[in-house]
Amino acid sequence: MTSAKPAKPGPRRVAHQPSWLEKMTQDHVRAISGTLSALARRPIGTLLTAFVIGITLALPAGLNTLVANLGQAGDSLQGSLRASLFLNDDVSAERGAELAHDLTRRPGVSSARYISREQALEEFRTFSGFGEALDILKDNPLPATIVVTPSAKQPQARTEALLKDLGTLPEVAQAKLDEKWLQRLYAILALVQRAVLMIAGALALAVLIVVGNTIRLDIENRRDEIEVMKLIGAPNSYIRRPFLYTGLWYGLTGGVLACLLVQAGVISLVQPARQLAGLYDSQATLQGLSLNAAAAVFAAGLGLGWLGAFWAVSRHLRHIEPAT
Amino acid sequence: MADIIHFHRVSHRYDGGPQIISDVSFTLGKGEMAFLTGPSGAGKSTLLRLTALLARATAGQVVVEGRNLADIKRSQIPAFRRQIGVIFQNPSLLNERTVFDNVALPLLIRGHSGDDIGRRVRAALDAVGLLPKEKAFPLTLSGGEQQRVGIARAVVAKPPLLLADEPTGNLDPQLAMDVMALFMRFNEVGVSVLVASHAISLISRLPHRVIHIEKGTLEERRKAELMDKTHDFG
């Protein structure tokens, strides 16, 4: 055996070791600035990916806005909603008028008008065109009615409960809500709302796949760098971090674009919507994304971007090992 | 003397492949510098890969810095590798980053501050004689310069152990001698160095121990012969 040199003391580490928090902050700041400048270096690719995510997020967000607006329009149309209470024939005209007066003081009722049997007959004669036919009849076949207008500022369920209540009054033979179509609208809205949820779920998956695939390609393109990183002992968290931030940025830009797209759609629909509402004697105006909804779109973008990146990173990073 | 590398009856085969090395035992002392020689395909690279945990022994024990590598879990490998500077024939630099940024990588992953990184990177570049090239990109450098950037990157974080696999393979004799001299300088400040090389003519002029491997085994007789040669030239 030839000369083995005598062991000398190993090299000393000189500068102070940064604390864990300092190191973490510094690592994250470096990852953030590094990923942002990397994305800025290829703005077209970044924007295309962000647009795909933005459109994907805008679809459920837009549908949700539409449903919210239709719901609101329905609520405002409740002003034109009337219920007819058909009174028993043995209720006197005085009692009927008194009842109508009492009803106006009930919560949830904005007005109530008594129509006597004679008035009803008169109205029918005037408006129906069947006047002569009525003359054949011996008795007045029409019941006395109270027309109740429910207050517009209450939910649909309250109105229905009120109507059910009124139906149980001893003087009332039958209570009938005139506008069946409004109930149908609410039923359809409930259905659409459910559908929007389902679409949102499917599109969330789409965002995950878009981000995941973009990050996967990114990992593929930087295979050499990752190999070197692993060779020099970079911790997995260090190698993962830039990819996770990249996913986060894609999600964030996608969320912003989605909000902009929805707002643009709302603005372009304001005019025709106003016309439509006018046809229904409604003052309803088209509302944009609510603050909550916008926050939800942002959060969904961020969350899905990060998750998609995490998915890609955990699937693909471990397979890259330094080859020599 | 404590050993920094200890191989005890180590064998290795790649999945489904033939045995690359079989029943190899050797040690490298702390602060020692030694050469690993043998023809191409004899298993020199595999020996270094086993030491850096780029591969795992299929039989026997590899102990580095007192740790049995079989006990190191996958998640602990990065921390383990940070103790070792690795240099390959292909310096595997990142071509879209400057020389400075390439050398700074090991410090970045350790979370050194910016000032500290600047100082250490320049010291390492100075040691390999490339300080004026810190802003250059690797592809604008010669093969020898690229190799030296790789060496600067391997030593910048001052690992206690340096492994080099054919670091002079692409270099002309003068550059090769420069690189070897560089390793000797690091060794003088206490770094343990193991260099795999088949440049016998170069190695035989140096005073360090030579470990010879052939067909996957250390051949004591061959080794003794080579030792004699070393003495002749040394």
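**Questions and answers on the model**

Student: Which residue follows helix α6(B), and what value does its phi take?
Tutor: The residue after α6(B) is G190(B). Helices here are DSSP runs of H or I with at least four residues, strands are runs of E with at least two, and both are numbered from the N terminus. The phi of G190(B) is positive, near 110 degrees.

Student: From which number are the residues of each chain counted?
Tutor: This is a predicted model, in which local features need pLDDT of at least 70 and side-chain atom pairs count only at pLDDT 80 or more, while totals for chains, interfaces and linings use all residues. Chains are lettered from A and ligands numbered from 1 in the order in which they are written, and residues are numbered along each chain as its sequence is written, from 1.

Student: What span does α6(B) reach from its first C-alpha to its last?
Tutor: Helix α6 of chain B covers residues 173-188, and it has 16 residues. The expected span is 1.5 Å times one less than the number of residues. For α6(B) this expectation is 22 Å, and the span reached is close to it, at 22 Å.

Student: Why do the buried residues of α6(B) lie on the same side?
Tutor: A residue is buried if 20 or more other C-beta atoms (placed from the backbone) lie within 10 Å of its own, exposed if 12 or fewer do, and partly exposed in between. In α6(B) the buried residues are A176(B), V179(B), M180(B), L182(B), F183(B), F186(B) and N187(B). They lie on the same side of α6(B) because the arc that they cover around the axis, taken from the directions from the helix axis to the C-beta atoms, is only 150 degrees.

Student: Which residues are exposed on the other side of α6(B)?
Tutor: The cover over the buried residues of α6(B) includes β3, α5 (143-155), β7, β8 and α7 (200-203) of chain B. On the other side of the helix, the exposed residues are Q174(B), A181(B) and E188(B).

Student: At about what angle does α6(B) run to β8(B)?
Tutor: Helix α6 lies across β3, β7 (161-165) and β8 (192-196) of chain B. Axes are lines fitted to C-alpha atoms, for helices over the stretch in contact, and angles run from 0 to 180 degrees between N-to-C directions. Residues are in contact if their C-beta atoms, placed from the backbone, lie within 7 Å. The angle between α6(B) and β8(B) is about 155 degrees.

Student: How many of the five residues of β8(B) are buried?
Tutor: In β8(B), S192(B), L194(B) and A196(B) point one way, V193(B) and V195(B) point the other way, and all are buried. The strand is thus mostly covered, and the number of its five residues that are buried is five.

Student: Which strands stand at the edges of the open sheet of six strands?
Tutor: The order of this sheet is β6-β7-β8-β3-β9-β10 in chain B, with mixed pairing; two strands pair if DSSP finds at least two bridges between them. Five bridges join β7(B) to β8(B) in parallel, and β3(B) also pairs with β8(B) in the parallel sense, over four bridges. The strands that pair on one side only, at the edges, are β6 (84-87) and β10 (217-218) of chain B.

Student: Which residue of β9(B) stands opposite L36(B)?
Tutor: Strands β3 (residues 33-37) and β9 (residues 209-214) of chain B run parallel and are joined by four bridges. Opposite L36(B) in β9(B) stands I211(B).

Student: Why is one side of β2 and of β5 in chain B left without a neighbour in the sheet?
Tutor: Four strands of chain B form an open antiparallel sheet in the order β2-β1-β4-β5. The strands β2 and β5 (67-68) are at its edges, so one side of each lacks a neighbour, as each has a single partner strand.

Student: Which residue takes a positive phi in the hairpin of β1(B) and β2(B)?
Tutor: Strand β1(B) is joined by seven bridges to β2 (residues 19-29) of chain B, and the two run antiparallel. The hairpin has five residues between the strands, and a positive phi near 75 degrees belongs to G16(B).

Student: Is R13(B) buried, exposed or partly exposed?
Tutor: R13(B) is placed in strand β1 (residues 3-13) of chain B. Beyond four places away in sequence, R13(B) touches P18(B), Q19(B), I20(B) and T58(B). Because 16 other C-beta atoms lie within 10 Å, R13(B) is partly exposed.

How values were computed:
Two residues are in contact if their C-beta atoms, placed from the backbone, lie within 7 Å.
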